[in-house]
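Trainee: Got a minute to go through this one with me? I'd like to start with how the helices pack.

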Amino acid sequence: MNLVRAELLKIRTTNTWWLFGLGTLLMTALAFLFNMLTANAMLDGGMGNLEGIPAEQAEQIRAQTDVVYQAANLYTSGQFFGLLFVMLLGIIVVTNEYYHQTATTTFLTTPQRTRVVVAKLVAATGIGAAFWLVTTVLTIPATALYLASKDLGSQLGDGGVIRAILLNLLAYLLWGIFGVGFGVLIRSQIGATVTAVVLYLVGTTAASIIFTVLQQWLGWDWIDNLQVIVPSIASTLMISGTELPGSPPQWLGAAVLIAYAAVTGTVGTMIMRRRDIS
């Protein structure tokens, strides 16, 4: 625990954490506003004319009009950019050592590198939990007020909504681990953060386009479901309040993220143990 507290202290003594925190609050507010407008259209029957749309796609659109689906979406607003900021802080937990040239001191103080890496992983998950808590504390009353204005109730007693909120917590924890692993692989703070941002933002869109094009070209519907192997898409899937027709189940998104986190944490620990301090 002393090592964990030391890692958290290193983050708190920089300006990075509150800059990312402000960014998360801003993006959460914008995401909630967008989700509220979407929910307003869906819950008021604003689906439009579904004639000419493939049957499965039409069923997906109808499923999105369910109040539980929209409530879960509102309660987990801001996840996309929130996870990005948590991953970046996880990266900084590692790369700060090399940026400020404190790695040698850290490993001389604690020669057992495994303990240092585990402390960084725990600190990163703690940061993820804190970000989840702050965003959730904001979205719960906002969503409850919005749903009350439509006489729909808060939906917090629904299992699907509770599951979405808790799986959102799991996503924040796991993305903190991803950040540590990324920082171990690329020790340059600028290089790691730029690469992570590009992969997260551009990679998610590119992967979605590639799988969609392949599905339309080959005519195999199951190809489109392979998007779940992309971590950011898996994170979105696992927080849906209800399962959409033709989409993978929520548990598959959670399983994909857990598998990535297990590999990332293990590989990061092994690399850190064997890497000489430069």
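Mentor: Sure. Keep in mind that this is a predicted model. To start with, α4 and α8 cross in a right-handed way.

Trainee: At what angle do α4 and α8 pack, and how far apart are the axes?

Mentor: The angle is about 25°, and the axes of α4 and α8 are 9 Å apart. Angles under 35 degrees count as roughly parallel, so α4 is roughly parallel to α8.

Trainee: Which residues make that contact?

Mentor: From α4 there are Val 68, Ala 71, Ala 72 and Tyr 75, and from α8 there are Gly 160, Val 161, Ala 164 and Ile 165. Sorted by class, the contact of α4 with α8 has 7 nonpolar residues, 1 polar and no charged.

Trainee: And α2 with α4, how are those two arranged?

Mentor: Helix α2 covers residues 16-43 and helix α4 covers residues 67-75. They pack at an angle of about 170°, with axes 9 Å apart. That makes α2 roughly antiparallel to α4.

Trainee: What does each helix bring to that contact?

Mentor: α2 brings Phe 32, Asn 35, Met 36, Thr 38, Ala 39, Met 42 and Leu 43, which meet Val 67, Gln 70, Asn 73 and Leu 74 of α4. The class count for α2 with α4 is 7 nonpolar, 4 polar and no charged residues.

Trainee: Switching to pockets. How much space is in the largest one?

Mentor: The largest pocket holds about 1,400 Å³. Its lining has 43 residues, and those nearest the centre are Gln 64, Tyr 69, Thr 236, Leu 244 and Ser 247.

Trainee: Which element gives the most to that lining?

Mentor: α2 does, with 6 residues. Other elements that give two or more residues to the lining of the largest pocket include α3 (55-63), α4 and α5 (79-99).

Trainee: What's the class mix there?

Mentor: The lining of the largest pocket has 24 polar, 15 nonpolar and 4 charged residues.

Trainee: And the volume of the second largest pocket?

Mentor: About 410 Å³. It is lined by 18 residues, with Met 87, Trp 175, Phe 178, Phe 182 and Pro 231 closest to the centre. α8 (159-185), α9, α11 and α12 (250-274) each give two or more residues to the lining of this second largest pocket.

Trainee: How do the residues of that lining divide by class?

Mentor: For the second largest pocket, the lining has 12 nonpolar residues, 6 polar and no charged.

Methods:
Residues numbered from 1 in each chain as written. Predicted model: local features only at pLDDT ≥ 70, side-chain atom pairs only at ≥ 80, totals over all residues. Heavy atoms only, no water. Axes fitted to C-alpha atoms, helices over the stretch in contact; angles between N-to-C directions. Helix = DSSP H or I, 4+ residues; strand = E, 2+ residues; numbered from the N terminus. Parallel < 35°, antiparallel > 145°, perpendicular 65-115°, else oblique. Contact = heavy atoms within 4.5 Å. Nonpolar A, V, L, I, M, F, W, Y, C, P; charged D, E, K, R; others polar. 1 Å grid on protein atoms, 1.4 Å probe; cavity = no way out; pocket = protein on both sides within 12 Å on 5 of 7 lines; lining within 4 Å. Points joined across faces, edges and corners; volume = space filled by probe spheres on them. Left-handed = near helix turned anticlockwise from the far one by under 90°.
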